[in-house]
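Here is a quick tour for anyone meeting this structure for the first time. Take a look at the model below, then read on for a few spots to find in it.

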Amino acid sequence: MAGKVFFSVSMSLDGFIAPESTEDLMGQQWMELQQWVFPLRFFRENLKLGEGGKEGRDNDIVREAFERTGASVMGKRMFDAGEKMWPEEAPFHTPVFVVTREKRDPWERPGGTTFHFVNDGIETALDQAREAAGDRDVRIAGGGTTILEYVNGGLIDEFSIALSPVLFGSGIRLFEGVDASRVALEPVRSEPSSRVTHLTYAVHPR
């Protein structure tokens, strides 16, 4: 049985998931948004940052999202930013399908991550990701524009937001341009931790 298609992001209280400019990724605002992740044991293990780290529900949620993912899809903007910042052993450890106009041979990294470049749209990228994932789930990794295309295309089954107690004021809004007439949400789970609130919703056609 095919798995679900989902996304999982950190979001500021005023609705932003990233700064507008890729030059500001890893800047102060973005670091504050993601600060709940950095100390976690699983995050440190996955990026080979050494032993130790925080355990608990935040750690379990990050680990569960990783373990359910059999393949990922991302947009070119996210790939371009990540290509500069990810370590040699990229943190996905599964196939990743990049939606792009760029024609490029697959890029294999140590540790099981291979980036495949898909030139004919989000549905083709998803079809390839589903095949690669088997009975595991497909994660739409980002960025915001790519996530929105999948939401508006009726292709998302579920999503989770880690609502972080920071304000951006400007940047990339998660649901900027959403076709609300086509999307209905069903609350699945709400889990507060000491650092963020985890919100999970099922997505249905309206």
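## Charged pairs and a loop leucine

Let's start with Glu-45, a partly exposed residue whose relative accessible area is 36%. Keep in mind as you look around that this is a predicted model.

Which residue does Glu-45 meet in a salt bridge? The partner is Arg-63, with 3.3 Å from N to O. Arg-63 sits in helix H3 and Glu-45 in helix H2, so this pair ties together parts that are 18 residues apart in sequence. Like Glu-45, which is partly exposed, Arg-63 counts as partly exposed, here at 25% relative accessibility.

Helix H2 has another charged residue to look for: Arg-41, whose side chain meets that of Glu-55 in a salt bridge. Glu-55 belongs to the loop between helix H2 (41–46) and helix H3 (57–68), while Arg-41 is in helix H2, so the two tie together parts 14 residues apart in sequence. Is Glu-55 buried or exposed? At 58% relative accessibility, Glu-55 counts as exposed, whereas Arg-41 comes in at 28% and counts as partly exposed.

Further along the chain, Glu-102 forms a salt bridge with Lys-76. Glu-102 lies in the loop between strand E4 (95–99) and strand E5 (107–108), and Lys-76 in helix H4 (residues 76–85), so this pair ties together parts that are 26 residues apart in sequence. Glu-102 is partly exposed at 30% relative accessibility, and Lys-76 is partly exposed too, with 25%.

Salt bridges can also link up: Lys-4, Arg-68, Asp-137 and Glu-158 are joined into one network by bridges that share partners. How many salt bridges does the count come to? The answer is 14.

Here are the three pairs side by side:

| Salt bridge | N to O distance |
|---|---|
| Arg-63 and Glu-45 | 3.3 Å |
| Glu-55 and Arg-41 | 3.6 Å |
| Glu-102 and Lys-76 | 3.5 Å |

As for the general idea, side chains of opposite charge can pair when their charged atoms come close.

Now for the leucine. Where is Leu-167 found? Look in the loop between strand E8 (158–164) and strand E9 (172–173). Leu-167 is exposed, with a relative accessible area of 62%; that label applies because the value is over 50%. Even so, Leu-167 has company: leaving aside residues up to four places away in sequence, Leu-167 touches Leu-13, Asp-14 and Gln-29. Glu-20 is 147 residues from Leu-167 along the chain, and their C-alpha atoms are separated by 14 Å.

Note on methods. Residues numbered from 1 in each chain as written. Predicted model: local features only at pLDDT ≥ 70, side-chain atom pairs only at ≥ 80, totals over all residues. Heavy atoms only, no water. Helix = DSSP H or I, 4+ residues; strand = E, 2+ residues; numbered from the N terminus. Buried < 20%, exposed > 50% of the residue type's maximum accessible area, 1.4 Å probe, protein only. Contact = heavy atoms within 4.5 Å. Salt bridge = Lys/Arg side-chain N within 4 Å of Asp/Glu carboxyl O.
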